[in-house]
Amino acid sequence: MNRIFFFLFVFLGVCCTPEQEKTVYVVDCNGGGDFTTVQACFDALPSKPAGWRTVRIMPGTYREKVTLDVYKDKVRVVGVGGRDSVRIVWNDFSGKVVDGYEMTTYDCWTFSVQADDVWLEGLTVQNDAGRVGQAVALETRGDRILLSDCALIGDQDTFFTKGYVSRVHVENSHIEGTTDFIFGPSIVLFDDCTIHCKSDSFITAASTTERNKYGYVFRNCRVTTGDSVSKLYLGRPWKSTARTVWLACELPAAIRPEGWHNWRDPARERTSFYAEWRCTGPGADRRGRVAWSHELSDEEAADYAPELIFAKKTGSEQFHDDWTGRFQTDHNL
């Protein structure tokens, strides 16, 4: 898919960096690369580099808890062979006690992306703790993050878009879970993704801040369900100013007629923003939707163009951080 309007990230190749400076790192759990674990590789990356680095992860299951810390920006992490071949898996969950410390939703992730300017491609990130409560697979905190052809697998709270000033683009990816499995305050565009629901519950729990016009935007996505699923909500507001919009998505019969939930707080009906536009499928019938949700006109839907969603304001000037191109690389991936 053409990643127009999101990034202008230029990977600096060998011709642009000193010969001795390493730009490509290989992780292989079978011993054929520079590192056998993902974390060891991330720890070896330079802090605040001038140019981009590429991490190539060879096929295998990497059972480890992984952090890409805030200083390790400008990195492309590529699963060789695609998301069915490369899996990063851990099993922490809220309430789990490790070395006397009881974990919470905020630290039970499998993979935490804390840096800016990060591209994840062809990876599966999984939390396999099971249905034990909150158990995050991927947490994102940084700004300008792209997920392409990835799978995020878990149960409750699979994908925590944690950054308050974070913009994330997810394309051609698979996300699955049970309750509130896409949640947080970030601005996130989901393009051409499969959203798989494994139980009757809520798909999203946005906590969009009041200063952001955009929260979660699903565009040309498909919602699928397990065999026993029959009662789904498109979203509920974790914070009262939550914003979630579904555009031209395919919705199954399991979507409840009312579509949206106020999290047992009628006051949030006045401050959250939930909308749909030209969705299809048996769950797209808006005749039974809650009165406080919206059906966008074509003109209103045009406000959800990627270059507007990812724009950034400084003073009175609006700009797009030059995100008008796509990733480029001189590396042979």
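**Close-up views of a predicted model**

**View 1. Threonine 179 and its surroundings.** The side chains of threonine 179 and serine 201 are joined by a polar contact of 2.7 Å. This distance, like every value in these legends, comes from a predicted model. Threonine 179 lies in the loop that runs between strand 17 and strand 18 (182-184). Its relative accessible area is 18%, so threonine 179 is classed as buried, the limit for that class being under 20%. Apart from residues up to four places away in sequence, threonine 179 touches Asp155, Gln156, Asp157, Ser201, Phe202 and Arg236. Serine 201 therefore appears both as a touching residue and as the partner in the polar contact between side chains.

**View 2. Strands 17 and 20.** Strand 17 covers residues 174-177 and strand 20 covers residues 194-197. The two pair in the parallel sense, over 4 bridges. Within this pairing, glutamate 176 is placed opposite histidine 196 of strand 20.

**View 3. The open sheet.** An open sheet is formed by 7 strands, with parallel pairing. Their order is 3-6-11-14-17-20-23. At the edges are strand 3 (60-63) and strand 23 (222-225), each of which pairs on one side only. On average, neighbouring strands of this sheet are turned by 15 degrees against each other, direction ignored. Strands 17 and 20 of the previous view stand next to each other in the order.

**View 4. Arginine 87 in strand 6.** Arginine 87 belongs to strand 6, which spans residues 86-90. With a relative accessibility of 25%, arginine 87 counts as partly exposed. Once neighbours within four places in sequence are set aside, arginine 87 is in contact with Gly60, Thr61, Tyr62, Thr124, Gln126 and Ile153. Among these, Gly60, Thr61 and Tyr62 fall in edge strand 3 (60-63). Isoleucine 57 is 30 residues from arginine 87 along the chain, and the C-alpha atoms of the two are separated by 9.5 Å.

**View 5. Segments with low pLDDT.** Averaged over the protein, pLDDT is 90, and 88% of the residues score at least 70. Over residues 4-19, pLDDT stays under 50. The model has 59 contacts beyond four places in sequence for residues 4-19. A second segment, residues 314-333, also stays under 50 in pLDDT, and for residues 314-333 the model has 67 contacts beyond four places in sequence. Predicted coordinates should not be read in detail where pLDDT is low.

Technical notes
Residues numbered from 1 in each chain as written. Predicted model: local features only at pLDDT ≥ 70, side-chain atom pairs only at ≥ 80, totals over all residues. Heavy atoms only, no water. Buried < 20%, exposed > 50% of the residue type's maximum accessible area, 1.4 Å probe, protein only. Contact = heavy atoms within 4.5 Å. Pairing = 2+ DSSP bridges. Axes fitted to C-alpha atoms, helices over the stretch in contact; angles between N-to-C directions. Polar contact = N/O pair within 3.5 Å; in protein donor to acceptor, adjacent residues only side chain to side chain. pLDDT = per-residue confidence, 0-100.
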